[in-house]
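The following paragraphs explain how one protein chain and its ligand are arranged. The account begins with a single residue and widens from there.

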Amino acid sequence: MATKKNLTADRSSVVHKVRYALRHPERIGGYVRRAARDSWLRTKHRDHVSYYRAVMASDTARNPEAAVGSQTHDRWLALGKMQFDYLLGHGLAPHHRMLDIGCGNLRAGWRFIEHLHPGHYYGIDISPDILISAKQTLTRQRLQEKLPHLTITQDLKLEFLPTAHFDVVHAHSVFSHSPIEVIDECLAHVGRVLAPGGFFDFTFDRTEGEEHQVLREDFYYRTQTLVDLAARHGLTARFMDDWEQLGHGQSKIRVTA
Ligand SMILES: C[S@@+](CC[C@H](N)C(=O)[O-])C[C@H]1O[C@@H](n2cnc3c(N)ncnc32)[C@H](O)[C@@H]1O
């Protein structure tokens, strides 16, 4: 079941916005409120991470599951299972060590934690609010004995983590909310923490037209841009065709050292 992705739309253009509004008049109010809130937050927070942290605080206060992109609990469960099943199919074994960048409230994380040996899951996120929700997920799923690491971060330099440690590094629906400087920083440093034979999987919002962003919340990149960026840091990037078959709105790239 492949999703029909719109790979050519420029969602930042006025023409696109007007056409979208005409097709979905019921969504105009919500969009205007979000745009107004985001402009206010951008005046208070000049750098992207601080701004996006404030967006997450506002969204999480309303509904933590919606804040990570799932409008219902069933969708939250299904999206976590999709991520977990995919990595299981790619050989994720209990002895592996995993770094989950932008772990959110453990939508997929709780399944990884359950599967991996104690202490082998390391989740990082820029949002303290979503990490509080992550701990609630951990408690609800009774996974205390697995002793996962859940840590706040301000950047993606990863300097507090050991060299050649993680078999799998994972970032689902994180670069879809990241300007290119954040992705560049991550790709500059992720190679150091990857264990021999390890890989880094990330999803991104793909466009085959103009690269663009909406409200500094959603960023659309061409595959080649990200493949080239990885290469500049000595990494090999591969577009994951089998992920496309699952019907998710974003695409996936796998990076190896
Ligand atoms: C859409 S949610 C996805 C959460 C989780 N990966 C999942 O699939 O359920 C994006 C998460 O990434 C976090 N995030 C955004 N930018 C980040 C960054 N530069 N570094 C770490 N986390 C980030 C957000 O706070 C949020 O929790």
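In this predicted model, a convenient point of entry is L106, which is found in the loop between β1 (98-101) and α6 (109-115). The backbone of L106 has a positive phi of about 65°, although L106 is not a glycine. L106 is classed as buried because 29 other C-beta atoms lie within 10 Å, where 20 or more are required.

The loop between β1 and α6 also holds G104. G104 is buried, since 29 other C-beta atoms are found within 10 Å. Leaving aside residues up to four places away in sequence, G104 touches V68, D125, I130 and A134. Along the chain, G104 and I126 are 22 residues apart, and their C-alpha atoms are separated by 9.0 Å.

The contact with V68 leads to another loop, the one between α4 (64-67) and α5 (73-89). V68 has 27 C-beta neighbours inside 10 Å and therefore counts as buried. Beyond residues up to four places away in sequence, the contacts of V68 are G104, N105, R107 and I130. I130 is thus a contact of V68 and also of G104. A separation of another kind is given by V68 and K252, which are 184 residues apart in sequence and 17 Å apart in space, C-alpha to C-alpha.

Which residues are closest to the ligand? They are G102, G104, R107, S127 and S173, within a surrounding set of 24 residues. Two of these have already appeared, as G104 and R107 both touch V68. By class, the shell comprises 13 nonpolar, nine polar and two charged residues. Among secondary-structure elements, α3 (48-62) and β2 (121-125) each supply at least two residues of the shell. The largest contribution comes from α3, which gives three residues.

The UniProt record, an unreviewed entry, carries the annotation "domain: Methyltransferase type" for residues 99-200. In the model, this span is 33% helix and 25% strand. The C-alpha atoms at its two ends lie 9 Å apart.

Attention now turns to the nonpolar interior. The largest nonpolar core has 53 residues, and those with the most contacts inside it are M98, I101, V169 and V190. M98 touches F112, L116, H120, Y121, Y122, F166, D167, V168 and H170, with residues up to four places away in sequence left out of the count.

A contrast to the buried L106 is offered by R216, in the loop between β6 (212-214) and β7 (218-221). Phi of R216 is near 55°, a positive value in a residue other than glycine. R216 counts as partly exposed because 16 other C-beta atoms lie within 10 Å, a number between the limit of 12 or fewer for exposed residues and that of 20 or more for buried ones.

Finally, the chain may be viewed as a whole. Its secondary structure comes to 10 helices and nine strands. The C-alpha atoms fill a box of roughly 50 × 40 × 40 Å, taken along the principal axes. For 257 residues, a compact globule would have a radius of gyration near 18 Å, so the chain's value of 18 Å agrees with that expectation. Of the 257 residues, 36% count as buried. Among contacts with a separation of 6 or more, 68% join residues 24 or more positions apart.

Note on methods
Residues numbered from 1 in each chain as written. Predicted model: local features only at pLDDT ≥ 70, side-chain atom pairs only at ≥ 80, totals over all residues. Near = placed C-beta within 6 Å. Helix = DSSP H or I, 4+ residues; strand = E, 2+ residues; numbered from the N terminus. Nonpolar A, V, L, I, M, F, W, Y, C, P; charged D, E, K, R; others polar. UniProt positions renumbered as here; feature names shortened; annotations may be inferred. Core = buried A, V, L, I, M, F, W, Y, C linked by C-beta atoms within 7 Å. Contact = placed C-beta atoms within 7 Å. Rg over C-alpha atoms; globule rule 2.2 N^0.38 Å.
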